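Biologist: Could we go through this one together, slowly, with a few questions as we look?
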Amino acid sequence: MDSSSWHLELPYDLWVTLPVSGARASPRYKHAAAVFDQKLYIVGGSRNGRFLSDVQVFDLRSLAWSNLRLETELDADKTEDSGLLEVLPPMSDHCMVKWGTKLLILGGHYKKSSDSMIVRFIDLETNLCGVMETSGKAPVARGGHSVTLVGSRLIIFGGEDRSRKLLNDVHFLDLETMTWDAVEVTQTPPAPRYDHSAALHANRYLIVFGGCSHSIFFNDLHVLDLQTNEWSQPEIKGDLVTGRAGHAGITIDENWYIVGGGDNNNGCQETIVLNMTKLAWSILTSVKGRNPLASEGLSVCSAIIEGEHHLVAFGGYNGKYNNEVFVMRLKPRDIPRPKIFQSPAAAAAAASVTAAYALAKSEKLDIPKTLSSKFAGIGNDLSEKDVRTDIDAIKEDKRVLELSLAEVRTENSRFREKIDEVNSTHSELSKELSSVQGQLVAERSRCFKLEAQIAELQKMLESLQTIENEVQILRRQKSAFEQEMERATSVQTQGSGGVWRWIAGGQ
């Protein structure tokens with residue numbers, strides 16, 4: 001493959017491994033990736049339980065890797081011979097977004113983690129790296145969360161904190177003022193999760209897909225309306241999608257491309273696409289066997305090369321750590337109009353308002369006058385009787401519509417009751433789940449205490465064995481002493497009898 005025109009040789013909608021010249025970036029997963037100026041930036045990650053702090057750059061023009069040295073300015077009184085020092089700590093499970101000429105890194109797991117989320121930056125023009133000062137109440141530090149750019153705001157959802165507590169909270173970070181703000185949401189949110197993916201649709205809806213708890217891998221899809229801060233779970237069409245976590249996603253126009261992921265046993269081999277307008281899943285392509293694309297913790301980005309969209313994937317873990325670069329040339333697709341999501345209650349209310357407005361308009365119509373005006377241009381071909389017949393038919397249609405509207409309102413009322421009942425049941429189940437989780441935590445704590453007590457008892461048993469051995473020795477010594485005493489007493493008794501016999505014989 002010619003490195004200068006490799007993109008022209010690619011088939012549409014199929015993954016192709018790119019040839020790499022020179023040294024490669026080290027294998028890893030749970031890193032962060034972004035494309036800027038035809039270059040793929042890979043930051044941090046994890047390998048063999050060790051967090052990484054390097055920044056690797058893959059040039060999509062020359063198909064070559066290079067290492068980016070990050071530096072930060074130091075105060076003049078701290079150094080004289082150098083004003084720069086590398087500062088990016090080893091990290092994993094973090095998120096990264098492109099903002100102007102900077103890469104913003106949010107959260108992640110560190111060896112020395114803080115209580116709240118840290119925002120770091122990499123300036124791609126100067127290679128300077130540092131920590132950005134923020135105000136407001138920052139969210140708790142976490143990894144495995146999602147970060148989505150909406151205009152000049154970042155939306156943070158979910159993740160897992162350093163004590164392994166799962167989260168489903170929502171926070172905004174205003175990039176103009178660098179101010180944090182917690183979001184109060186309504187309706188039923190997604191279950192707490194991490195290693196999920198999130199995307200923005202129509203600049204209004206945050207869509208969350210998949211992820212996992214400590215025991216469940218999700219395949220559900222939830223929508224947060226950023227204007228009303230209301231969660232909903234719309235009905236999804238298309239192909240059946242299996243539960244997964246550790247996958248990667250990227251949006252291009254109305255399509256959300258999901259690559260990889262798995263359930264700790266099997267990797268997801270298919271690349272799936274969600275048409276966010278139609279809310280329909282479809283399988284774009286699949287790989288076979290233990291392909292690196294069927295990995296957890298990989299990354300996927302989009303790049304425009306010669307006016308065409310391409311997907312670029314890197315890394316992941318599927319039994320081994322990967323460092324290959326894959327690319328897919330996307331076939332051009334039509335762009336449909338964005339879909340407006342509504343909760344069931346909002347949709348029912350909108351339908352009722354529309355029907356009521358149409359009915360009110362029909363009641364205000366002057367039917368004879370309207371018909372007279374309508375037929376004025378065609379003469380007096382219709383008799384008054386025919387006009388009256390038409391009026392009666394229209395009135396009958398109106399009556400039928402009124403009955404239909406009443407039925408729709410009744411059905412909407414039943415739907416509202418069912419929704420309230422389902423929400424109540426879900427709330428009770430959530431409380432019960434929280435209670436069970438609390439009991440599990442208490443049982444775990446009790447198990448830890450019992451294990452500690454068992455260890456102490458084992459030590460006591462070992463010491464008792466030692467004491468028992470000493471007692472056996474003392475018993476043997478006592479027995480020997482008693483036998484010695486008996487022998488001494490016997491000898492003394494025999495000696496005393498001989499004297500008395502001698503005295504008796506002398507007499």
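Biologist: Leaving aside neighbours within four places in sequence, which residues is His7 in contact with?
Modeller: Bearing in mind that this is a predicted model, His7 is in contact with Ile305, Glu306, His310 and Arg329, once its neighbours within four places in sequence are left aside.

Biologist: And is His7 buried or exposed?
Modeller: His7 counts as buried, because its relative accessibility is 9% and the cut-off for buried is under 20%.

Biologist: Where does His7 sit along the chain?
Modeller: His7 lies in the segment that comes before strand E1, which covers residues 15-17.

Biologist: What is the strand order in the open sheet that has E1 in it?
Modeller: The order is E1-E27-E26-E25, so to speak from one side to the other, and the pairing of these four strands is antiparallel. E1 and strand E25 (299-305) are the edge strands, each pairing on one side only, and neighbouring strands of this sheet are turned by 30° against each other on average, with direction ignored.

Biologist: How many bridges are there between E26 and E27?
Modeller: Strand E26, residues 308-314, and strand E27, residues 325-329, pair in the antiparallel sense over five bridges. Looking at Ala313, its bridge partner in E27 is Phe326.

Biologist: Changing topic, which residues form the nonpolar patch on the surface?
Modeller: That patch is formed by Leu461, Leu464, Ile467 and Val471, which together have about 350 Å² of accessible area.

Biologist: Where is Leu464 placed?
Modeller: Leu464 is in helix H3, which covers residues 384-506, and it counts as partly exposed because its relative accessibility is 47%, which falls between the 20% and 50% cut-offs.

Terms used: Residues are numbered from 1 along each chain as its sequence is written. This is a predicted model: local features need pLDDT of at least 70, side-chain atom pairs count only at pLDDT 80 or more; totals for chains, interfaces and linings use all residues. Side-chain values use heavy atoms; hydrogens and water are left out. Helices (H or I, at least four residues) and strands (E, at least two) are DSSP runs, numbered from the N terminus. Buried means under 20% relative accessible area, exposed over 50%, partly exposed in between (1.4 Å probe, protein chains only). Contact means heavy atoms within 4.5 Å. Two strands pair if DSSP finds at least two bridges between them. Axes are lines fitted to C-alpha atoms, for helices over the stretch in contact, and angles run from 0 to 180 degrees between N-to-C directions. Patches are made of residues with over 30% relative accessible area and no salt bridge: like charges are joined within 9 Å, nonpolar side chains (Val, Leu, Ile, Met, Phe, Trp, Tyr) within 5 Å. Accessible areas come from the Shrake-Rupley method with a 1.4 Å probe; for residues, only the protein chains shown count as cover. A salt bridge is a side-chain nitrogen of Lys or Arg within 4 Å of a carboxyl oxygen of Asp or Glu.
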